[in-house]
Amino acid sequence: MKKKKLIILASVILTLIVIFAVDIIIEKQRLEKSYSQLAYIRWSGEKKGKGYGQQSIFIDRAEKFNEEDIEAMRNKINKKLSEDSLLSDGGSSRAWIDAYSSKENVELRKDTNTVTVDAYLVGGDFFLIHPIKLKNGNYPQEGCPQILLDENVAWNLFGSSDIEGKKVWIKDTVYTVSGVVIYDESEEERAALGNSDTVYIPYSAYSSDGKCVTCYETVMPEPIKNYGYNILAEAAEIEVLSDGEKQALRSPLFFGGRELIENSRRYSPLRLLLKAKDRKYIDMKTQSIAYPYWENMARYEEGRYVRLIYIMSTILLIGILSGITTFSVRVFYKKAGH
């Protein structure tokens, strides 16, 4: 009878291990749908993005970062890649890509209809890094007065989503609709997007006194770990601290005007667990950096993944400890002659 109980307990523990493994695999597959975080995999052509890394810098508006600053950073990155023989040698292929963006609240007008939207001003290879789903049409071309509307804006202004080539106004500037975006409409995505509908405009095609870059992203060769991260940090004049230096800080929170993230390893279970010790500070904000919706989504997924790992690990640990305790008790009684 005792042997039968042990077999049942071993089966339960084995089942928990299988459930744990399956849940982690399912969650990893879910994370693979975070297309904005996986540009390095698409660019490398390898299943796991071997040889490439992806980085993001989020910038406080007070920094007044502009296209001249972007060009200066590109020159520094190109110089370093050239020195390390990582630039394409006169070929048609490109060694790296980048994108920059900002968000402005604007009034969009069509005849007498007006809607207020969040306008993402985008430049560089934005739609390579963020291949947003299109219901119809195309992405706007850099330097052209074109605009990409989300489906809600299209219906509010035109009563249709088939509006490629139609005209809208922002102040006195006329924009041609290049296409219509369709979102997944999940609860998480709508929360990340905020209360406003969205449009996308080439950065150089929008004029505003307060316009500045608040997000810069790169996909670069990664011959060694953190190669692209360190190059970008140097180009953006961001000090990279060692783990020891971070631990010595008075506070684990970020207080600077430029926040650098390594996207290509952000969903590593070990990295997330190490980062989890600072999750209690997640609601504290120490700077006026506003994350774009794709970063908000990524942070939501990080938190969800950590919670899943904790829950499944706890259940698995309880099962294993129960098994060890039962086995130990059985051995004790056997030795005692009971």
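Contact here means heavy atoms within 4.5 Å. This is a predicted model, in which local features need pLDDT of at least 70 and side-chain atom pairs count only at pLDDT 80 or more, while totals for chains, interfaces and linings use all residues. Residues are numbered from 1 along each chain as its sequence is written, and side-chain values use heavy atoms, with hydrogens and water left out.

To start with the overall picture, the protein chain has ten helices and ten strands; these are DSSP runs numbered from the N terminus, with helices being H or I of at least four residues and strands E of at least two. Of its 338 residues, 40% are buried. Buried stands for under 20% relative accessible area, exposed for over 50%, and partly exposed for what lies in between (1.4 Å probe, protein chains only). Contacts often reach far along the chain: among those between residues at least 6 apart in sequence, 76% join residues at least 24 apart. The chain exposes about 19000 Å², with carbon and sulfur atoms supplying 54% of that area. Accessible areas come from the Shrake-Rupley method with a 1.4 Å probe, and for residues only the protein chains shown count as cover.

Next come the nonpolar cores, each a set of buried Ala, Val, Leu, Ile, Met, Phe, Trp, Tyr and Cys residues joined through side-chain atoms within 4.5 Å. The largest one holds 44 residues, and I77, L108, I147, V199 and I201 touch the most other members. Helix α7 (residues 227-235) gives this core its largest share, six residues. Apart from it lies another core, of 24 residues, including Y120, F127, L148 and Y183. Neighbours within four places in sequence aside, I201 is in contact with A119, Y120, L121, V122, Q146, I147, I170, Y175 and Y206. In soluble globular proteins, nonpolar side chains tend to be buried together.

Strand β1 is home to Q55, which counts as buried because its relative accessible area is 0%. Its side chain makes a polar contact of 2.7 Å with that of T218 and another of 3.3 Å with that of E262. A polar contact is a pair of N or O atoms within 3.5 Å; within protein, one must be able to donate a hydrogen and the other to accept it, and residues adjacent in sequence count only if both atoms are side-chain atoms. Beyond four places in sequence, the contacts of Q55 also include Y216, M220, Y229 and L260.

Helix α10 (residues 293-335) contains W294, which is buried because its relative accessibility is 4%. Q37 sits 257 residues away from W294 along the chain, yet their C-alpha atoms are separated by 8.4 Å. Besides Q37, W294 is in contact with residues including S101, Y120, F126, H130 and C215. L321 belongs to helix α10 as well, but with 46% relative accessibility it counts as partly exposed.

Two loop residues round off the picture. Most residues other than glycine have a negative phi. K64, in the loop between β1 (52-59) and α3 (67-83), has a positive phi near 55°, and at 64% relative accessibility K64 is exposed. N226, in the loop between β9 (215-221) and α7, also has a positive phi, near 65°; at 26% relative accessibility, N226 is partly exposed.
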